Amino acid sequence: MNKLILLTGLLTCFVQALTWSQHTYLPLGSEEYHLLSRLETRSGWLSNQLFLNAQPVPRKDAVDFLLEEKANFYNSGLTNIDYHNINRALSISSEYMPNALGASDAARPVLRTFYKNEADFYSFSKNGFYLSLNPVLGIEGIYDKNSSRTLKFNSAQGAEIRGTFKNRLGFYFYFTNNYEEPVDYATRRFDRWHAVPSAGSFRRTAHGFQYFQFRGYANIGLIKDHIHLTLGYGNQFLGDGYRSLFLSDFSEGAFFAQISTKVWKLNYQNLYTILKPQSLPGEPLTPGKKFATTHFLSLNVTRWLNIGLFETVTFTRDKNYEFAYLNPIIFYRAIERSMGSPDKQSIGFSGKAIELKHINMYTQLLINEFTEKELLAGDGYWANKWGIQLGAKYFDAFSVPNLDIQAEINMVRPYTYQHYESVAGNAMANYTHFNQPLAHPLGAGFAELIAIARYQPIPRLSIQAQGMYYKQGVDTGNMNYGSDILKSYVSRSANYGIGITNGPEVSCLLLDLTAAYEIRPRLFFDLGVTQRTYSWAGDVYPQEQSLYVHSGLRLNLRRKNYNQY
C-alpha cells in the first residue's frame with residue numbers, strides 16, 4: 001500500500017508541470033442532474049459531452065451543454081420554467097461561464113462582499129485563481145406518528161469550498177457535522193447493519209446518531225479536454241436510473257483515484273478505491289483495508305443509443321494492493337484465473353435510448369457469476385448470480401409541461417453481492433463498504449418496482465410523488481437465504497431451488513409526497529409526508545406501519561431520504 005501511495009504522489013508531482021485544463025464536478029444528488037437528463041432527452045440526441053451514466057459530471061461539460069441548449073431555446077420546444085432552470089444551473093457553476101455573459105452576477109451583493117454571485121456566499125476570481133465558499137446548513141423536524149417518540153430532529157452544519165488554479169488544478173472540499181434522529185424503521189435498519197448510510201464512523205446517542213461527513217478531491221488534466229486524473233475521497237454513481245446495480249452513492253465515501261478518458265463518442269472510467277472491511281454489530285471497526293478496481297466504458301453508438309460495459313473486482317490483501325489490477329485495460333476474470341485469485345469479480349452491460357424527444361429508456365444487466373449448464377437447466381442453482389434493471393423516463397408526460405414521470409424495475413438474485421472470507425480474517429471481499437452496500441441499498445434477493453412523478457408548476461416550486469413496492473426473501477435465525485450481503489455464501493441455505501426471493505418473504509409499500517420551494521439558489525424549504533407498510537408473508541410477524549411528516553430548511557445540502565428501503 002505504501003508503494004501505491006508513493007507511486008501516486010510521484011505521478012501527481014510529475015503531471016502538475018504538464019497539465020492543462022481541469023474541472024470540478026456537480027455534487028451527486030444535485031437538482032441539475034434531472035435538468036440535464038430532461039434537456040438531453042428533449043433535444044432528441046445524446047450528448048458527447050455529458051455521459052450522464054457516469055456521475056459526477058464535470059461542471060464545465062454541464063455548462064457547455066446548457067449554453068448550447070439556451071442558445072437553441074426557441075427552437076427546442078422547452079418552457080419558460082426550463083429557461084429559468086438553465087439560468088439557475090449556470091449561476092451555480094459560474095466559474096465556467098464566459099465573462100461577457102455576466103448571467104450569474106447578483107443585483108445586490110450583501111455588504112458589497114457576500115453573494116456577489118447569486119449562488120455563492122463568497123467568491124473570488126483573480127489572476128487565474130477562482131475560489132467559492134459556501135455554508136452548509138440544514139434543520140429538519142419530523143413527526144413520526146407510529147413511534148413512541150413522535151417528534152424528531154435532524155441538523156447539519158458545515159462548509160463547501162471549491163476552486164480552480166490557472167486552468168491546471170480543480171479542487172473541492174465538503175464537510176459537515178450531522179445529528180440525525182431517523183424514523184423508527186430506519187433506526188432499526190441502522191442498528192441491524194451497524195451502519196448509517198453515507199457515513200463512516202458514528203456515535204450512537206440516546207435518540208439518534210452523530211457523525212461527520214467529508215468529501216473532497218483534486219482534479220488535474222493530463223490531456224486537455226480528454227484525460228483527467230482525480231484523487232480524493234467521495235462517491236460515484238454509474239447508471240441512468242434511480243438505483244444502480246453497478247455502483248451507487250448510498251454508502252460512505254471512499255479514498256479513490258480516477259482516470260477519466262473522453263474521446264470522440266466514448267467515455268472511459270478507471271476507478272481505484274480503498275474500502276473498509278465489514279465489522280460485527282457492537283464490535284470495533286475491523287482493522288485493515290480492502291480494495292476495488294472498476295472500469296466503465298460508455299459509448300454513444302448512434303445519436304439516440306448508448307451502450308456501456310462494466311467490470312469490477314473487490315479484493316483484500318494483507319498489506320499491498322494487487323498491482324495487476326492497476327492495468328487500465330485488463331479483463332479481470334482472465335487475470336484472476338492466472339493468479340488463482342479468491343477475489344470477487346462482476347461484469348455488466350448497460351443501455352440507454354432516446355425516443356420521440358420525450359422518452360428515455362435505460363437498462364442494466366449485472367452478472368456476478370453463472371454456469372451456463374445450470375442456467376439453462378432452470379433449476380434455481382444458487383451460483384447463477386445476476387441482477388437486471390429496466391426503466392424509462394417520460395418528459396412533459398401526456399403533453400403537460402414540466403411533468404416528468406419515471407418507472408423502474410430492479411431484480412437481483414440471492415447471494416449476488418456476497419463472497420466468502422478472505423485471508424484477512426474478518427475482512428470480506430463482498431461488495432460493501434463500512435457495512436453498507438456499494439450498489440443497491442436492499443442488498444440482494446428482491447424484486448422492486450419504483451414510480452416517480454416530478455412536477456414543476458412555477459419556477460421555484462417542485463413537487464415529487466414517489467411510490468416503491470418490493471418483495472424480498474429475508475433471513476431468520478442463523479439461516480442465510482442470500483439477501484444479507486454481509487454474510488458469506490459458504491453458509492447458504494441450499495444449492496438448488498433458489499428463486500429471486502429465497503426464504504421467508506416480506507413485502508414493502510412506500511408512498512411519498514414532497515414539495516420543495518427554492519427561496520434563493522440552493523436554499524430550500526421542504527415539506528413532505530411518507531406512508532410505509534412492511535409485511536411478512538403469512539403474517540409470521542406483525543405488520544409494520546409507518547407514517548411521518550417532515551419539514552425543514554436546507555442550504556447547499558442534499559435532502560435527507562428515508563425512501564431507499
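Student: In this predicted model, what links Phe171, Phe173, Phe214, Tyr233 and Phe255 into a cluster?

Tutor: Ring pairs join these five residues, Phe171, Phe173, Phe214, Tyr233 and Phe255. Two such rings pair if their centres lie within 6.5 Å. By this rule, the count of aromatic pairs comes to 28.

Student: What makes the aromatic pair of Phe114 and Phe121 stacked?

Tutor: The centres of Phe114 and Phe121 are 4.7 Å apart, with 20 degrees between the planes. Pairing requires centres within 6.5 Å, and planes under 30 degrees apart count as stacked, so both conditions are met.

Student: Why is Phe114 called partly exposed?

Tutor: Phe114 has a relative accessible area of 27%. Buried means under 20% and exposed means over 50%, so Phe114 falls in between. Phe121 also has a value of 27% and is therefore partly exposed.

Student: How do you know that Leu78 is buried?

Tutor: The relative accessibility of Leu78 is 13%. Because buried means under 20%, Leu78 meets the definition. Leu78 is found in the loop between α3 (59–71) and α4 (80–92).

Student: Which residues are in contact with Leu78, leaving aside its neighbours within four places in sequence?

Tutor: Leu78 is in contact with Leu39, Arg42 and Phe73. Leu39 is 39 residues from Leu78 along the chain, yet their C-alpha atoms are separated by 8.4 Å.

Student: What places Arg492 over the face of Trp382?

Tutor: Arg492 lies at 3.8 Å from the ring centre of Trp382. The distance limit is 6 Å, so this value satisfies it. Likewise, the charged end of Arg554 sits over the ring of Phe524, at 4.4 Å from its centre.

Methods:
Residues are numbered from 1 along each chain as its sequence is written. This is a predicted model: local features need pLDDT of at least 70, side-chain atom pairs count only at pLDDT 80 or more; totals for chains, interfaces and linings use all residues. Side-chain values use heavy atoms; hydrogens and water are left out. Rings of Phe, Tyr and Trp (its six-membered ring) pair if their centres lie within 6.5 Å; planes under 30 degrees apart count as stacked, over 60 as edge-to-face and the rest as tilted. Buried means under 20% relative accessible area, exposed over 50%, partly exposed in between (1.4 Å probe, protein chains only). A charge sits over a ring if NZ of Lys or CZ of Arg is within 6 Å of the ring centre and within 35 degrees of the ring normal. Helices (H or I, at least four residues) and strands (E, at least two) are DSSP runs, numbered from the N terminus. Contact means heavy atoms within 4.5 Å.
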